[in-house]
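Please find below my notes on this entry, set out as numbered points. I would suggest keeping the coordinates open while reading them.

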Amino acid sequence: MIKNPALSGQKEAPPDADRASLQSAESPHPGIPIVGIGVSAGGLEALEQLLPAVPLACGLAFVVVQHLAPDRHGLLVELLQRVTAMPVLEITDGMPVAPDHIYVIPSNRDLSISRGVLHLREWSAPQAARHPIDSFFRTLAEDQNELSIGVILSGMGCDGTLGLRAIKERGGATFAQTPASAKFDSMPRSAIDTGLADVVAPPAQLMARILAYHRHLPSPHAESSQDEIDRDRSTLDKIVSLVRTQIGHDFSLYKKNTIYRRIKRRMSLHGLAKMTDYLQLLRENPQESELLFHELLIGVTSFFRDRDMWEQLKSQALPALLSALPRGGKLRAWSVGCSTGEEAYSLAITFHEALEEQKSAARYSMQIFATDLDRDAINKARAGIYPAQIADDISETRLRRFFVREERGYRVSPQIREMVIFARQNVIIEPPFTKLDLLICRNLLIYLESDLQKRLLPLFHYSLNPNGILVLGSSESVGQATDLFAQLTGKTRLYRRYSSVPRSDQLDFPAGFSRPHVEAAPLLSSPLPVAPTALNLQAMTDALVVQRYSPPAVLTTSKGDIVYISGKTGKYLEPAAGKININLFAMARPGLGGALNESFARALREQTTITMKDVSVDTYGGPQVVDVIVQYLSEPAPLQGMLLVVFADVVAPASAPAQSEAGPNDHYDARLSTLTKELEQSREELRTTREAMQAAQEELKSRVEELQSENEELQSTNEELTTSKEELQSMNEELQTVNHELQTKVDDLSRASDDMKNLLNSTGIATLFLDNDLNVRRFTTQVASIIKLIPSDAGRPITDLVSELDYPTLVADAQEVLRTLIFHEQQVSARNGRWFTVRIIPYRTMDSRIDGVVITFTDLSSVMRAKQAMGEALAVLQSRVNDQAAQLDASRTLEGVLQQAQAILESRLAELMLELDQTRRDLHGEKRRKL
C-alpha cells in the first residue's frame, strides 16, 4: 500500500496569507529555493566547512537556525562573514528573502516564513519547550513546497527531525551531516535513523550535493501539469512497468501526478534532467527501483494522530460496538496500511482505556489485524520498539502503563503487543479480512485513482459486520458510497456501515480469491407462483389490491438508484439509451425530471414527505397529469435512509367541446392555464434551487469555519506537544555547558594535583596524610622506606601498617594533635639505625576545616652521626688528658695543667656545638627552600 506519499501538487495557503499579501510588493519571487540549516552544539565548525563551498550567484538563499540562550547575543553573523563572500544578515521581522544571501536567526525569537518573507515573534513557550528548527522547517515546507531544502548539522537532541518530515512530505529535499564528522551527533543521527535524510555526507561535501540537486530542479514556473505528464506518459508507464517487474508491485492505479512528482524528485537527487535517463538508471541499477518503491511508500504516521478521532472512537464508537457483543465476546479490527504500527498500537491502547471507563475489562477482548505493503515497516512494527521522541505524542500516564523504557527508547508492553497481528498484504489484489467490527484505512484513498476507490469501498462494506465502523483520514470520504456508509456526528471521518442493501452494480472483488454468491433482489415485480394453500385469504386479497389498484412506485437509494419496482411504471420511467442505467433521474420521462429533482432533493434534505401536484408527463398516449409523492423512510431499519417514490395519476376533466364548437377564447384560456401552471412549477423549482444553493453556501461557510477552528486547535496542540521536548533540549544544552565548565575545572585540579605531587617528591621529605579516623589518605614515595605502604593501602588505618620507627606513641600523638590542634615534633630512631624528626600538624582545608593530620619525617641520620663522632672525639681527648695528668704528678703545676686542659676541652666542645647548630640550621633552611 502507498502510505501518505508526499502531497504532490497541492499548495496550501499559509496561515498568514492575508498579512503576507500586503507585503507582496516587497516579497521576492516565490521561485527562490531556500535552504534551511539547523545547527546546535558544535554547529559552528560544520558551518565553517559547509558555507565556503557556496559559489557566488548560486541562486540559493540560506537561513541558519541555531539554539541560543535568551539573554545571549549571537556572534554567528560576524563569524560566518569571515568564511563566505555572500552577505550574512541577522533576521529582522518582515525581511524578504533574496537569493545569494545568508540569514541568521536572532536569539530568543521564533522564526517563520510566509510568501518568501521572514517573520519573527517572541516565544510564548518556556525556553525548555522550544524547537526553533522544527518550527521554521514546517513553515518553510508549507511556503516553498518542492523548493524547500532542509539541512541538519551537529547538535544535541532531536530538533529538526519533525521539520525534515514536513519538508519531505511536500516534495522537498533533506540532507544530514554524517554522525562521524559531527562534534555532537544526536541531531543528525536522529534524522538518519528515522529514514528522513535523502543525502548523508560530511559538511565539506554536502554543499556540492545541494548545488547538484538545485541545478536539476524543475523550473518554479512550470507546474507538473497534465500536459507535461502526458508528454512523459510513455516513459512513465515504462517506469511503472519496470518497477512492477523488479519489485513485484503495480502502481498503475495510483494517481499519476503523485508518481510523477516523486520520480522528478529522485531525478533531481541524481542530477538527471530527462526521464528517459532515469529509466536507464533503473534498468542498470535495480537498487534504485527499491529506493523509488520506498519513496512512494513514505509512511507518515504517529501515535494518536488526530486526537479528536481517537477520542470519539473511545467515547462513542467502541462503547457502541461493545454493547452489542455478548459477554466475553471479541471485537475484530483491521488496520489497513499500518506502516510501522503506531496506529494499530494506538487502537489497542484506546480499546483498553474504553474498557476501563466501562469498568468491564475482564469481559471483552479485541483482535487487531494490521497489514502493510512495506516489509521493512512491518518488521519494525513487529519489534514494537520506538524512539524516545514518541513521548511528544503520548502522555506520561500512557507511557508508564503501556510501554517499557529501554536503552533504545520505548518498547510496547506485552499486553498491547499480543493484541496485534502484523502481516504483509496488498489490499488491492489480496483477500480482505472479514467479519470485522472496525476497519481503519486513513490517508490511503486520497492517493488512489477514483476507479480504485470505488472498488475498495464496497470491499470494505463487505468486510464489515452490520453497523461496523469505518475510519478514514481527515481528507477522505466515502464519496458516492453514501448508500453503504453513514457518517457519525462530529468533525471526524467515522462511518457506520449500513445493513446489506442490494445494489445495481456488483461487488468488484480482487482477482485472486473467489466471490461469495450474493443474490440480488429482483428489479421488477412479478406474481410469485405460490400455491393457494400457502396463502390465507387476507394475503391473497392484499396482493390483488396492490397488483391491480395501488399506484406504481419505486424504492431508491439516497442517490436515486432503483432497488425495487412496484406496479407498472412504464408511463413514467423508461430505460435510457446506451449502457444500462437504472437510476431514477436517468429513466424519468420528459416533463417528470424537474419535479423529481425538486421533490427528491427536498425529501432527502428535510427527511419528510414531499408531494408535487399536477405534473404533466409526456407518454406514448399523450400528456398525462400525475401527482408525484416522495417519502423519506426512517423505518423499518433495513430501509432506513432510502426513499419511496409514488406516481398517482390525476383523472382528466370531461372532454371539452370540439374546437369548431368552442368559442375562440376557450382555446386561449386553456393555453393560458397550461402556461400558468408551467410558470408556477418553474418558479417553485427556482425557489427550491435558491434554497438549496443558500443551504449549500451556509454549509460551505460553516465547513470553512470548522476547518479554521481545527487548524487553530491543531496548532495549539502541536505547541503543547513540543513543550516537553523543548525542555529536554534546553536542559541538554545547559548540561553540556556545565559539563564543559566542570571538565575545565577537573583539568585545572588535575594539573594542580600533578604539581603538588611533583613538589612533594622533589623535597625528599617523607610526608603522610591521614584523615580524621587516622586512615591513610595519601603519601609520598619516600614514606614507603619508613612505613610499609603500597598504593592499595589508601584507606587503611595507620595502626594496621608495619613501621621501621621506634615510635610506639605515634597514634596517640596524632590523636592529641587532632584534639588540641597543636603541632607535635619528636626525634625518633629507626631499626636500621636511621634517625628522623617526626612532625605532626593538623590538616586544614580552604574553608579552615580540620580534616586529618599531616606527618612529615625529616631524615637526621647525618646529624646524629656527626654528634656520635663528636662524643667519640671527646672521650679520646679525655683519655689523653688523664694520661698527661698522671705524668705531671711530680710537678706542682698539676692544677695549671688541669686548668689548661679544661680550657682546651671547653674550646673544643664549643666548636662542636657550633658545628651541630650550623648543621641543624642548614637542614632547616633546606627544608624551607624545598617547601
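1. In this predicted model, D100 sits in the loop that runs between strand 4 (95-96) and strand 5 (102-104). The backbone there deserves a look, since the phi angle of D100 is near 60°, a positive value in a residue other than glycine.

2. A second residue of this kind is N145, a non-glycine residue whose phi is positive, near 55°. N145 belongs to the loop between helix 4 (132-144) and strand 8 (148-152), and with a relative accessible area of 5% N145 is buried.

3. Helix 13 (residues 307-323) packs against helix 14 (residues 342-358) at an angle of about 65°, the two axes lying 9 Å apart, and the crossing of helix 13 past helix 14 is right-handed. On the side of helix 13 the contact is made by W310, L313, K314, L318, P319 and L322, while helix 14 contributes E343, S346, L347, T350, F351, E353, A354, L355, E357 and Q358. Sorted by character, the residues of this contact between helix 13 and helix 14 comprise nine nonpolar, three polar and four charged.

4. How many disulfides does a search of the whole structure find? The search returns zero. For the bench reader, a disulfide is a covalent bond between the sulfur atoms of two cysteines.

5. As for individual cysteines, C58 counts as buried because its relative accessibility, 12%, falls under the 20% cut-off. C441 is likewise buried, with a relative accessible area of 0%.

Methods: Residues are numbered from 1 along each chain as its sequence is written. This is a predicted model: local features need pLDDT of at least 70, side-chain atom pairs count only at pLDDT 80 or more; totals for chains, interfaces and linings use all residues. Side-chain values use heavy atoms; hydrogens and water are left out. Axes are lines fitted to C-alpha atoms, for helices over the stretch in contact, and angles run from 0 to 180 degrees between N-to-C directions. Helices (H or I, at least four residues) and strands (E, at least two) are DSSP runs, numbered from the N terminus. A crossing is left-handed if the near helix is turned anticlockwise from the far one by less than a right angle, and right-handed if clockwise. Contact means heavy atoms within 4.5 Å. Ala, Val, Leu, Ile, Met, Phe, Trp, Tyr, Cys and Pro count as nonpolar, Asp, Glu, Lys and Arg as charged, and the others, Gly among them, as polar. Buried means under 20% relative accessible area, exposed over 50%, partly exposed in between (1.4 Å probe, protein chains only). A disulfide is a pair of cysteine sulfur atoms within 2.5 Å.
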